[in-house]
Amino acid sequence: MSTIRLQDAIGEIQNCYIEEAHAEPSHTQQNQTGGSSRKLWLVAAIVAITVLLVGCAAAVWLNLDGLRMKEVTYLADMRYERDGSKIPATEKIRQDISIVGPEGSKNQLAAREWMDFKQSYDPDETLRKAAGDFRRPAQYEDYTDAYTQDMLDKIDEICNKYGLKLSGEVAIYQGVGEQDALLAEVFDESSVVKKDMGLELEFQGGRFVQCGDFDATYQATLTHGDTSQEFSFSLTYHYHDKDYFADYCVTIENGEAVQQWNETLSDGTKVLFVCDPDGNTYILHDRADAFISVTLKNVGWDWDNPADVMTRQDMKLIAQALNYSIKPKPVADMAGWKQRLEAAREEYNNTPEDPAVTAERVRLYEENMCKDSYRDLIVQIRDHEDYFYQHCGGFYKNFWETVEYTLRDINDDGQEELLLGCNGQVCDIWTIQEGKTQRTCGAAEGYLCQGNIYEIYQFTDGKPMHTYERLLPDKGIECVAQVAYGYGEWRLYDGQTDTEKIISEEEAQKIIASYVRIPLEMKPVSSFPME
Amino acid sequence: MEDHQIVALYRQRQTNALAETQKKYGRYLLSIANHILSRYEDSEECVNDTYLAAWNSIPPQNPGVLSTYLGKITRRLALKRHRRNTAQKRGGTEADLSLEELEDCIPAGQSIEDRLDSRTLTRLLDDFLATLPQERRQVFVCRYWYCESIAEIAQRFSWSESKVKMTLLRTREKLKLYLQKEGIFV
């Protein structure tokens, strides 16, 4: 051990002694092109990656300050609490966040220059009004804000200045039928989501630009591996190729209350999370050749019910399940590609459903919904809860344990209807038509009012809406009236005259008060007479 | 290219710093590694590791003498690899032989004081080397820093091998006395 210490200590002696020992090191170094050149490329590659990573380390931690394109203070309308109390009009900040590139990138600089140009170009919109049906050439199709030749020229100037290309034509797609195969061609068989990561996506629709830029919206379900807890939300995946010019932004309405944080995912991918108080989350990732942004809507991170609140860990699970290496190929013949896309949609729409599938659907419908009595219906729901949960709504979850019923003739035909609900609400109404049970109407939150009027109450983002319906003897439904608040004013829809008008808050409250909700005596469905 | 120019490339994160380093010092470093490892493939990897270590350490390091800066890295890496390769049994490489010879510098039944830090030991060695005539110092460094063979040293200095062996023996004895006098053994 002591010898090794001595050997090591000798290794660190003064440089002059080492140089002196090889007094003419040059004679050992003449024509030194051999040695380890065979593997130098490997070291160079490692170093190149190191350089890249070092470069990324400085730029990869995105933040909102570096992505913010515009910030506007505005007065948000007065809103309501669920109990009817008012939330006064308040000043809020709207932020436009760039999703084409980070601060200082040519993509963001180009987008900023385009934004500045638009703001000063036509302030009173004279040119816009005079533009008429100005048509942009196909290669400018994605620049929807351009409505004069001068604006197109400005786009060309920006592209030249920053070394960017025009993004090309745009196609809208629904992902039906063979459209999936066409998209698979440009996605090179890759997907926006990784397999077996607990995130399931159901495609809803999207937009594809010739250069490869795209956005795709999905209905998403995250299943938490530990607890099997599920979150359902909307997910939009947006991809931008940095070789092309675009000015894509996302707008955050409550910019004064956003939260942001950085995360490194398990594969080393660095992402920025941004959450706004409206239940939207943005996952942003800056790649050397592309900028990827994913918008999650209704993730419930700030909902009142803690059980429905998606945590940062849940959001990270979603982020982990996404594929950030996707690289769509540009489409050379966009016109032909769009034709194929449209043909696929036409074919899908014109292809009749398999008669066997139709027959099976009808059979299941009749077997489950069309029973001889309410008793048989309740037994059917009890024993086939999943069918009703899937086809009639979440209200039927835990049917036997939670749902209550009452019987009441509410359409004046002399026969009782079956009213199902809980907590004083009526969430579904069944009647009997030609000897068979039939579902008439329902709501997530509904009430029976005097005069057998059924009130559907909706409350979204501080805006209440009351819809009043009447069941008719022939089992039809008519809308009597609707009183709704939105955009800072109350509106009344009159079902008799099929007209709508703005009313005062006092008038609205008076109409709402005129429909008096009836307290119903309801019993558990498990106590429904079975004999 | 001058050393300061190569160092500047490292500091500017220019990847051609590697190519320039290899061009100027590749064979020198390979020679150091190969004396210790005696396996070309291992030596080559060791030299490549040296380039990477240099890339990762410059900056913040700003070596004044690039050759010895790199040489020290190569020597450390080569010895580390050699000790790992021969953990069970020493082989017959010049590194092994020179290590065995260094045992002469340590009195029987004694060892270097554990509390003595490596910098102090190196400083003592520097002081000791300063007392030696130049040729004896050169021979010592060639043998115990570069791990060159007796034959190579003899050729380098145009001495006989026996003269090299005798010179090294006397230097080791002198070093032992010097270190004893400095009280580093327990």
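## Sheet, core and helix: three worked exercises

In β12(A), A:C275 has A:T281 as its bridge partner. Keep that pair in mind; this is a predicted model.

**Exercise 1.** Place strands β11 and β12 of chain A in their sheet, and find what packs on it.

*Solution.* Start with the pair itself: β11 (residues 270-275) and β12 (residues 280-286) of chain A run antiparallel and are joined by 4 bridges. Now zoom out: the open sheet has 8 strands, ordered β5-β6-β7-β8-β13-β12-β11-β10 (chain A), with antiparallel pairing. At the edges sit β5 (170-173) and β10 (259-264) of chain A, each pairing on one side only. On average, neighbouring strands are turned by 20 degrees against each other, direction ignored. Last, add helix α9 (residues 312-321) of chain A, which packs on the sheet and touches β11 and β12, among others. The direction of this helix makes about 130 degrees with that of β7(A).

**Exercise 2.** Work out which residues have the most contacts inside the largest nonpolar core.

*Solution.* That core has 62 residues, and the ones to pick are A:F245, A:L284 and A:I318. Take A:L284: beyond its neighbours within four places in sequence, its contacts include A:L62, A:I99 and A:V271. Apart from this core lies another, of 57 residues, including A:I13 and B:W145.

**Exercise 3.** Explain why the buried residues of α12(A) line one face of the helix.

*Solution.* First list them: A:Y374, A:L377, A:I378 and A:I381 are the buried residues of α12 (residues 374-383) of chain A. Then look down the axis of α12(A): they fall within an arc of 95 degrees, so they line one face. Finally, see what they pack against: α13, α14, β15, β16 and β17 of chain A.

Key:
Residues are numbered from 1 along each chain as its sequence is written. Chains are lettered from A and ligands numbered from 1 in the order in which they are written. This is a predicted model: local features need pLDDT of at least 70, side-chain atom pairs count only at pLDDT 80 or more; totals for chains, interfaces and linings use all residues. Two strands pair if DSSP finds at least two bridges between them. Helices (H or I, at least four residues) and strands (E, at least two) are DSSP runs, numbered from the N terminus. Axes are lines fitted to C-alpha atoms, for helices over the stretch in contact, and angles run from 0 to 180 degrees between N-to-C directions. Two residues are in contact if their C-beta atoms, placed from the backbone, lie within 7 Å. A nonpolar core is a set of buried Ala, Val, Leu, Ile, Met, Phe, Trp, Tyr and Cys residues joined through C-beta atoms within 7 Å. A residue is buried if 20 or more other C-beta atoms lie within 10 Å of its own, exposed if 12 or fewer, and partly exposed in between; C-beta atoms are placed from the backbone. The arc is that of the directions from the helix axis to the C-beta atoms.
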